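Here are some friendly notes for a colleague who is opening this structure for the first time. Please keep the 3D view at hand and follow the points in order.

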Amino acid sequence: MNALAATNRNFRHAARLLGLDSKLEKSLLIPFREIKVECTIPKDDGSLVSYIGFRVQHDNARGPMKGGIRYHPEVDPDEVNALAQLMTWKTAVADIPYGGAKGGIGCNPKDLSKSELERLTRVFTQKIHDLIGIHTDVPAPDMGTNAQTMAWILDEYSKFHGHSPAIVTGKPIDLGGSLGRDAATGRGVVYGTEALLAEHGKSIKDLTFVIQGFGNVGSWAARLIHERGGRIVAVSDITGAVKNPKGIDITELLNHKESTGSLKDFHGGKIMDPNELLVHECDVLIPCALGGVLNRENAADVKAKFIIEAANHPTDPEADEILSKKGVIILPDIYANAGGVTVSYFEWVQNIQGFMWDEEKVNKELRRYMTRAFQNVKNMCKSHDCNLRMGAFTLGVNRVARATLLRGWEA
């Protein structure tokens, strides 16, 4: 089942639990606006090449729309739609005043030089500058884009609208980016994990962890769990997988990956088959990589008691059912990985005020938001007698539905 079908299914289930009006339910699913633009640029050799760029703006009932821009060869409209919709529910769960959006350009950034990427980003910005805005739609980095991409968007947008640092988040610090933004998603994952474990009378230092994906989110989550005394027994990324039942020294692994670019040949653990990782013996499994990794093929063999969804949509609905029957507790993606968009919100607030925070304040506020959101999700679980995923979805959908009704959607 693809991401869009799964998201729609979760939304419909939540709408039924909430008893939403069927016309309102239909209205909430339809995106506010879908934009598709042609971006033609000269390559470094002088030849012209065209790419298709787009932006799906899903909902703005609770505030400006927010979501990443990805540069990827298979930018699939269905998936972008699902991710834009997911951002609507995610920002509502975190209780930040945004709606959802997502966008991208169908290109392979590895095949483009830095100057070609800059030209492409500027042309894309020229085409959509009047459809995004500080109080309309605020982009951020995603797969294949980074702080530099955001700097180019900021510069190009500012040519039309005057200096506007709040137009994008995930910017370089020198251009108004926020301290703590880099670690935010991984740190939010850890705060969410702490809140969940506390509910069950456990803490990070007593448990074993397996982490799939050692990019930005996985490596920060690993570092922070390691600092808190959690024992990480296996880690993987696209280059391979490492295990050590006594616990991997994460600082050493980070240094090894920094110097060699891969997890291979790491002396502090044994090589393992990456496919075994998800069913490895542990208390807590944290998928931080791709969607759909837990499915009906492997779900029955998962040994973890808790799964923290740091990736978007790592558990497909069939796996969800199998794991629920086994009594595995899943902390859902729309809550677990909301740390990134929460600190993006802090960045936007700082830019609008023209007043920057120190990192300690960013982290303290992030913990407050993540802890409060967990309590709100738990309250929904109690009132609707449902699992954490439906608790999060009912919380998010209910907030958006209430805002929509208060604004007068039928008029």
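1. Please bear in mind that this is a predicted model. A good residue to start from is K102, which sits in strand β4 (residues 99-106). The UniProt record, an unreviewed entry, lists K102 under "active site". That label comes from the record, and such annotations may be inferred rather than shown by experiment.

2. Is K102 buried or exposed? Its relative accessibility is 6%, and buried means under 20%, so K102 counts as buried. Setting aside residues within four places in sequence, its contacts are R55, V56, G68, R70, V80, L83, A84 and D142. If you select these in the viewer, you can look at the surroundings of K102 for yourself.

3. K102 also leads us to an internal space. The model has 1 cavity of 30 Å³ or more, and the largest cavity holds about 30 Å³ of space. Which residues line the largest cavity? They are L83, L86, M87, K90, K102 and N312. Helix α3 (residues 77-93) gives the largest share of this lining, with 4 residues. Sorted by class, the lining has 3 nonpolar, 1 polar and 2 charged residues.

4. While you are looking at helix α3, find Q85, which lies in that helix. Q85 has a relative accessibility of 2% and therefore counts as buried. Its side chain is joined to the side chain of N8 by a polar contact of 3.0 Å. Not counting residues up to four places away in sequence, Q85 touches L4, T7, N8, F11, L29 and H58.

5. Next, the record has a second annotation worth displaying. UniProt, again in an unreviewed entry, gives "binding site" for K66, K90 and S344. These positions are spread over 279 residues of sequence, yet they cluster in space, with a largest C-alpha distance of 12.9 Å. From this set, K90 is part of the lining of the largest cavity. Colouring the three positions is a handy way to see this grouping.

6. Take K66 from that set. It is placed in strand β3 (residues 65-72). Because its relative accessibility is 1%, K66 counts as buried. A polar atom of the K66 side chain lies 2.9 Å from the backbone oxygen of V138.

7. S344 belongs to helix α11 (residues 339-353). With a relative accessible area of 2%, S344 is buried too. Which residues does S344 contact, leaving aside neighbours within four places in sequence? The answer is K66, Y98, T169 and R181. K66 and S344, both under the "binding site" annotation in the record, are thus in contact with each other in the model. With T169, the side chain of S344 makes a side-chain polar contact of 3.0 Å.

8. Another residue to visit is E309, found in the loop between β11 (306-308) and α9. E309 has 0% relative accessibility, so this loop residue counts as buried. Beyond its neighbours within four places in sequence, E309 is in contact with P287, P314, T315, I330, L331, P332, D333, A336, N337 and R389. Two of these contacts can be described further. The E309 side chain makes a polar contact with the side chain of T315 at 2.5 Å, and another with the side chain of R389 at 2.8 Å. For a sense of scale, E309 and E74 are 235 residues apart in sequence and 23 Å apart in space, C-alpha to C-alpha.

9. R389, a polar contact partner of E309, also takes us to a pocket. The second largest pocket has a volume of about 330 Å³. It is lined by 20 residues, and those closest to its centre are N10, P317, D320, R389 and M390.

10. Which elements each supply at least two residues of that pocket lining? They are α1 (3-18), α9 (317-326) and α13 (388-407). The largest share, 5 residues, comes from α1. By class, the lining of the second largest pocket divides into 6 nonpolar, 7 polar and 7 charged residues.

Definitions and conventions: Residues numbered from 1 in each chain as written. Predicted model: local features only at pLDDT ≥ 70, side-chain atom pairs only at ≥ 80, totals over all residues. Heavy atoms only, no water. 1 Å grid on protein atoms, 1.4 Å probe; cavity = no way out; pocket = protein on both sides within 12 Å on 5 of 7 lines; lining within 4 Å. Points joined across faces, edges and corners; volume = space filled by probe spheres on them. Nonpolar A, V, L, I, M, F, W, Y, C, P; charged D, E, K, R; others polar. Buried < 20%, exposed > 50% of the residue type's maximum accessible area, 1.4 Å probe, protein only. Contact = heavy atoms within 4.5 Å. Polar contact = N/O pair within 3.5 Å; in protein donor to acceptor, adjacent residues only side chain to side chain.
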